[in-house]
Amino acid sequence: MDPTHISPMPLHLTLGITGALLLLGIEAVYFHHGATRASAYATNLSLALRFAVGVTPKPYFGGAFEGRQCQLIARRMSAVVELLASYVPAADVAAYRVACDTWRQLLPVLTRAGDSSPEDAAAFRAGTARFVDGLRAAFPWFTVTPKMHTLCCHAPDFLDFFGSLGRYSEQGLEAWHGHFNQTAAGHPADSFLATCLSYVKRSAVSRAPGDAAHNRGAKRSPAKAGPGARDAKRPDDKRTRTGKILAGAPGASASCVLKQGEDRCKWAKDNLAAAASKIEAHWRRTKEAPPDTHEPCADEAWDGEGDYGELLEAETACMLSLLEE
Amino acid sequence: MRGPDGREVTASRPFEGQTSASVLHSSAVRDVHVFFGLDKGGLVSSCKAVLSCANQVNPTSRGNSLLYGIFPCQKDDREALTRMADVYVPKLDALRTGGLDVSGARRAVRLILIGDYAFMKSWVGHKGASSRMPCLWCIAFRRRTQGNGLLVDTWGNMQDGSLTRGVTRTRGHFERMAEAYADCDNSESAAPLPLEEHFSIES
């Protein structure tokens with residue numbers, strides 16, 4: 001196998017680096033203020049991702065976000081940066097904002113299945129270098145992971161050679177798992193092996209419908225509604241799903257809301273533990289003392305639930321009312 | 001395919017077959033980009049092997065790829081992945097030597113590996129993402145420590161970001177290691193190769 005013919009895992013880079021960016025924010029708060037505020041930030045971040053961005057972590061992919069969710073996060077990263085700005089010094093926020101902006105520019109090239117122009121490829125190479133080197137310079141505890149290294153040192157070479165990265169993505173490979181979960185029950189057999197055999201035979205003789213089969217022509221895309229069209233500006237706008245739930249409209253089922261809450265808590269807890277481990281190791285390595293316990297001043301009073309406490313209360317109230325019904 | 005100057009290489013020559021699967025055909029030969037991957041997942045744990053072709057609209061759509069096989073398995077460790085991958089090697093080699101018929105004309109097959117890191121490192125015999133040469137594409141070290149300064153100076157440091165100057169791996173090195181481990185892995189060998197020779201390709 002020629003090393004130049006090994007795809008640099010565009011999907012796994014998307015998932016891994018988006019998760020690493022979110023984790024970096026928690027690490028920054030832990031570095032400057034210690035565990036208590038980092039815990040509050042992690043909880044607030046999970047709520048911001050739910051209400052301001054509109055994504056919840058999935059129980060699969062190791063409790064991380066799906067590929068499409070990662071693209072949504074990258075587009076709406078400003079909500080995360082705003083939240084971080086109330087926790088860490090301005091210099092760190094500025095560096096974090098630059099990194100998020102760069103990542104937002106890189107992601108379309110990383111996931112595009114069509115050809116990228118040589119100009120796009122050159123911009124991608126420069127952008128990946130700026131992204132990784134910028135993070136390395138701004139955050140002393142930041143380490144370049146193998147995925148970051150692949151992004152800045154090998155993905156640009158692959159893009160130059162083949163003209164596309166997303167075309168060689170592993171998305172189709174992962175999609176077969178979900179399809180098998182859904183349709184394996186339609187292949188009853190005495191053993192799991194026989195079910196697999198039946199499924200493979202059926203797949204071979206009848207190709208699954210492609211995207212074109214699901215395209216019925218007309219689309220209701222708010223982004224294409226035209227100039228002057230009204231768009232939701234606030235999370236509690238009644239045009240958004242959250243706004244509808246807050247206004248009393250039927251939303252997700254109670255069990256679904258409960259599950260999402262559990263997944264969010266697990267995501268926040270896992271990321272806090274990872275951040276703590278990394279920052280403690282950094283302190284040990286540099287023999288640096290952890291910051292003193294931060295006592296909030298009068299002008300920076302904050303509660304445990306943070307800016308999204310009210311939304312959390314509202315969601316809990318909705319859930320309880322659904323349970324009562 | 002693009003050349004070093006960024007321009008697309010025009011493929012006009014016909015494919016006439018090749019004797020060895022490991023030899024890369026010229027960029028001027030008309031070819032088809034076929035990618036192969038193996039991944040573990042699903043509610044009932046199983047590995048799926050998938051083949052797809054890049055020369056089509058929406059190449060990563062599930063509907064445009066072929067399910068090549070399913071292996072019930074509980075772990076996707078190196079041993080299991082290697083056993084599964086071995087099933088497909090003869091067929092993939094035949095594909096590369098014989099090519100494919102496209103509209104009555106024979107085209108070469110350019111095989112591209114996709115999947116997660118665990119599968120790809122097993123495929124090329126890489127030991128794994130350790131601190132010593134964690135990268136599949138180059139031989140840079142993960143970070144400088146108190147004991148590896150000289151090695152990092154020689155082979156590069158991943159923490160240098162975009163300035164990492166790890167030496168790129170080559171197909172020739174993979175082939176030499178495959179020959180060296182024809183009988184047994186490096187760890188089982190009576191005279192194991194040092195890091196300077198295997199560069200973390202140890203099986």
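Trainee: Why is B:Ser103 called exposed?

Mentor: In this predicted model, B:Ser103 has 5 other C-beta atoms within 10 Å. A residue with 12 or fewer counts as exposed. The count of 5 meets that cut-off, so B:Ser103 is exposed.

Trainee: Where is B:Ser103 found?

Mentor: In chain B, in the loop between β4 (100–102) and β5 (105–115). Its phi is near 50 degrees. That is a positive value in a residue other than glycine.

Trainee: What makes B:Phe199 partly exposed?

Mentor: B:Phe199 has 19 C-beta neighbours inside 10 Å. Buried needs 20 or more, and exposed needs 12 or fewer. The count of 19 lies in between, so B:Phe199 counts as partly exposed.

Trainee: Where is the place of B:Phe199, and what is its phi?

Mentor: B:Phe199 sits in the segment after α5 (195–198) of chain B. Its phi is positive, about 50 degrees, although B:Phe199 is not a glycine.

Trainee: How much of chain B counts as buried?

Mentor: Chain B has 203 residues, and 33% of them count as buried.

Trainee: Which elements does chain B have, and how do they run?

Mentor: There are five helices and five strands. From the N terminus on, the order is β-β-β-α-β-β-α-α-α-α.

Trainee: How do you know that β1(B) and β2(B) pair?

Mentor: Pairing takes at least two bridges. Strand β1 (residues 31–41) of chain B and strand β2 (residues 46–53) of chain B have eight bridges between them. The cut-off is met, so they pair, and the sense is antiparallel. B:Leu38 stands opposite B:Ala49 in β2(B).

Trainee: What lies between β1(B) and β2(B)?

Mentor: Four residues, and the two strands form a hairpin. In the turn, B:Gly42 has a positive phi of about 95 degrees.

Trainee: In which sense do β1(B) and β5(B) pair, parallel or antiparallel?

Mentor: Parallel, over eight bridges. Again, at least two are needed, so this counts as pairing. Here B:Val32 stands opposite B:Val109 in β5(B).

Trainee: How is chain B divided into domains?

Mentor: Domain 1 covers 1–114 and domain 2 covers 125–203. Their C-alpha centres lie 26 Å apart. The C-alpha trace of chain B spans about 60 × 50 × 35 Å along its principal axes.

Trainee: Which domains does the assignment give for chain A?

Mentor: Domain 1 (9–168) and domain 2 (171–203). In chain A, the C-alpha centres of these domains are 34 Å apart.

Trainee: Why are α1(A) and α5(A) called roughly antiparallel?

Mentor: Take helix α1 (residues 10–33) and helix α5 (residues 90–111) of chain A. Their axes cross at roughly 170 degrees and come within 11 Å. Angles over 145 count as roughly antiparallel. The crossing angle is over that cut-off, so the two helices are roughly antiparallel to each other.

Trainee: How do the residues of the contact of α1(A) with α5(A) divide?

Mentor: Into eleven nonpolar, three polar and one charged. From α1(A), the residues include A:Leu13, A:Ile17 and A:Leu21. Among those they meet in α5(A) are A:Tyr96, A:Trp103 and A:Leu107.

Trainee: What makes A:Asp92 charged and A:Gly25 polar?

Mentor: Asp counts as charged, and Gly is among the polar residues. Both take part in this contact, A:Gly25 from α1(A) and A:Asp92 from α5(A).

Definitions and conventions: Residues numbered from 1 in each chain as written. Chains lettered and ligands numbered in written order. Predicted model: local features only at pLDDT ≥ 70, side-chain atom pairs only at ≥ 80, totals over all residues. Domains from an automatic or database assignment. Axes fitted to C-alpha atoms, helices over the stretch in contact; angles between N-to-C directions. Parallel < 35°, antiparallel > 145°, perpendicular 65-115°, else oblique. Contact = placed C-beta atoms within 7 Å.
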